[in-house]
Every structure is written in structure tokens, then in C-alpha cells.
Amino acid sequence: MALCFSLWFILKRKLYMVGFGYAFLFAVCLILYLCRKRNVFSAHPLAVLYAEYAVCMGFAIFLSIFTAPEQKATVLLSFLCITPLIVIDRPWRVDALLAGALLLHTILAFLLKPPSIAGIDTVNSWGFYILGINLGNASIRSRLNEIDLCRRSEVEKRVDILSGISNRRCLFERLTEFEKGAAAAPSGVLLFDIDDFKHFNDQFGHAAGDECLRKLGKLLLKLEQEAGFSFYRYGGDEFAGFVYAGVRAEFLRLAEELKTCVGSLAVNGCALTISIGAVYCGSAPVFNYEKVLDCADRLLYAAKAKGRNTICLTDYDSQAGGAAARVNGEP
């Protein structure tokens, strides 16, 4: 649009100052567009947006004061209404940008325009400013609330509300990514649950059981940040975990660390323990992670049979697809 206006004012109207002003505006917008992927621009998109709006506002003031001093500032009024509606940022920043531009225009209008026109400009401009920021702030709050609702909805789809870790749906999405090579494959898989959780629920009630799962979830989130784990709630008191460790000894050490950390938790005076079924995959290609989970599930039952609070570990057999892997218990 700026380029079209520039050509029209230069070639048709012979208003060279206005035409070159639109040409300058076009050049600024073109440069910002072409440089949008550069690091300095992509890292500070709001600063670039404000710079562009400042140029546009400056040009609107130029048109009002210097090219048509005998006319009302109609171009500026559109900026005062439109700008707050299309910028997602803290409202006070948008309001400050517009107020600064409007104050500059008001001063220049009384200095360089006829008093009657300057007075009309002042009343109209400040009126449109108040209207624009009120509508704009309401629009920004509405859009931010909508964004927040979408974010919460997306989080609820992927996060287990009770424990706070990723849910079963997210787990199977991750398995698909592993099999397609879209995500870095783990070195091993863990499946574990809380020992005697049903007895704990029966003795202390479901509220205590929920508190138990919340405490365990907080611990698992902490371990995700500090060690090479990612955890998912598999169902009930059963959890799945992926371990990112290079060698088998490190994989077993992390599994032991998980068991020890959970053993430090206590709810209603009862210490928590877990039994773990662990499958070490190493660098072997895995084509079906559900079979690995199934193998880990059988190892979990083997750990229960060995007396609970223990780990049963096996190596993944890529030729057998994990299902026929041998089962060795290691306390």
C-alpha cells in the first residue's frame, strides 16, 4: 500500500514530499520483512514491531503537520484506534507509545497549524486515543485469556492432573516418536509402581492415596530436571520412565537412585517403596516399544514376587523384539 501511495503522489499528484515519505515507509517495512529471520530480529520481535509502529506514527504526524497543516489529522486518528487492537503486549507500553506520539503531535499542531485546526485535532485525537486504548486493552485481555485457556487445555491433554507428570497419552505419542526416529531414543525403559498401594489406600483412605501420588509426582519432576529421566503416569499407581544413560551400569545406577529417592518419601508416617521392572536397550534399534513396555511389566511382577522394593533388570534382545528377552533379577 505504501508503495502504491508513493507512486500515485509522485507521478499523479506531483506531491514529491508526500510521495517520498510513503517510499521511505515502504523501504522500512520491506527491510524489516526481509530481515525478520535474523537472530537480532527474531529474538526481539516486539522491539521490531514497536520500531515499525513508531515509524508509521512519525509519518502520520509528518503528514498532519507538514504536508497538510490546514487539514484535520485523520490519518493519525486511525493509528490511535487501530494500534491498541493489534499489538499483543503489556497495555501500558502500547498506551505509552500512543500517548508520546499524541503529545508530540499536539505540541507541533499548536506551533505550526492554525489554532482552530489545532484545537479540533487535539479534541479528536485525545478522544480517539481514549477510545482506542479502552477497546485495545479489552481486546488484549480477551486474547490473552483465550491463549491461556488454549494453553491450559493443551496441558491438560498431556499432563496427569494428580501427579503433575506426563500422562499415558503423552507416553504413547513419545513411543511413536522413538520408533519413527523423531526423538532421541532412550537407553532403557522402566516400569514401576508403589508397593502395597491398595493396602495403603484401604488403611488411610483415598485422600491419603492421592497425596502419596502427588508427592511421588513432585519427586519424579525433580528427577527429570536433575538426572537423565523422563516419566509418565501409566495408570493407577503405575509409572513408566525412560532413562538416557550410555552404559548398562549407569542405567542400573539411575534405577537404583530412583528407588532410593522414593524410599525417602513418607506419607502418614509410612515410608514409600517401589518395585521396578527395567529393560536396558543400549544402542540396539527398537522397532516396537510397546513390547519393551510389556517386557518391563513382566519384570515388575517378578520384582514383586522377589519381595518388593527391588529391581528386576534384563537386556533387550533386538532379534526377539524384547518379548523373548531373558529375565534376571537384580536387587
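A residue is called buried when its relative accessible area is under 20%, exposed when the value is over 50%, and partly exposed in between, with a 1.4 Å probe and protein chains only. The structure is a predicted model, in which local features need pLDDT of at least 70 and side-chain atom pairs count only at pLDDT 80 or more, whereas totals for chains, interfaces and linings use all residues. Residues are numbered from 1 along each chain as its sequence is written, and side-chain values use heavy atoms, with hydrogens and water left out.

**Exercise 1. Two residues with positive phi**

Task: Determine where N268 is found, and state whether N268 counts as buried, partly exposed or exposed.

Solution. Step 1: Helices (H or I, at least four residues) and strands (E, at least two) are DSSP runs, numbered from the N terminus. N268 is found in the loop between β4 (266-267) and β5 (270-271).

Step 2: The relative accessibility of N268 is 46%, so this residue counts as partly exposed.

Step 3: The phi of N268 is near 55°, a positive value in a residue other than glycine.

Step 4: R308 may be treated in the same manner. R308 lies in the loop between α12 and β7, has a positive phi of about 70° although it is not a glycine, and counts as partly exposed because its relative accessibility is 36%.

**Exercise 2. The surroundings of strand β6**

Task: Establish how many residues of strand β6 (residues 274-280) are buried, and identify the strands that pair with β6.

Solution. Step 1: In β6, seven of the seven residues are buried, so the strand is largely enclosed by the rest of the structure.

Step 2: In a regular strand the side chains alternate between the two faces of the sheet. One side of β6 carries I274, I276, A278 and Y280, the other carries S275, G277 and V279, and all of these are buried.

Step 3: Two strands pair if DSSP finds at least two bridges between them. Strand β1 (residues 188-194) runs antiparallel to β6, joined to it by seven bridges. I194 has I274 as its bridge partner in β6, and L191 has G277.

Step 4: With strand β7 (residues 311-315), β6 pairs in the parallel sense over five bridges. Here V279 stands opposite T314 of β7.

**Exercise 3. The other partner of β1**

Task: Describe how β1 pairs with strand β3 (residues 238-243), and state whether the residues of β1 are buried or exposed.

Solution. Step 1: The pairing of β1 with β3 is antiparallel, over six bridges. L190 stands opposite G241 in β3.

Step 2: Seven of the seven residues of β1 are buried, so this strand is largely enclosed by the rest of the structure. G188, L190, F192 and I194 point one way, while V189, L191 and D193 point the other way.

**Exercise 4. The span of helix α4**

Task: Test whether the end-to-end distance of helix α4 (residues 45-67) agrees with its expected span.

Solution. Step 1: The expected span of a helix is 1.5 Å times one less than its number of residues.

Step 2: For the 23 residues of α4 the expected span is 33 Å, and the end C-alpha atoms are 32 Å apart, which agrees.

Step 3: The buried residues of α4 include V48, Y50, Y53 and C56. Contact means heavy atoms within 4.5 Å. The buried residues of α4 pack against α2 (16-34), α3 (39-42), α5 (74-86), α6 (91-112) and α7 (115-158).

**Exercise 5. A residue of helix α12**

Task: Locate A303, and state which residues A303 touches, not counting residues up to four places away in sequence.

Solution. Step 1: A303 belongs to helix α12.

Step 2: The relative accessibility of A303 is 0%, so A303 counts as buried.

Step 3: With neighbours up to four places away in sequence not counted, A303 touches S275, I276, R308, T310 and C312.

Step 4: A303 and L313 are ten residues apart along the chain, and their C-alpha atoms are separated by 9.1 Å.

**Exercise 6. A residue of helix α10**

Task: State whether L213 is buried or exposed, and give the separation of its C-alpha atom from that of V40.

Solution. Step 1: L213 is found in helix α10. L213 is buried, because its relative accessible area is 3%.

Step 2: The C-alpha atoms of L213 and V40, which are 173 residues apart along the chain, are separated by 45 Å.

Step 3: Leaving aside neighbours within four places in sequence, L213 is in contact with residues including L162, S163, I194 and F197.
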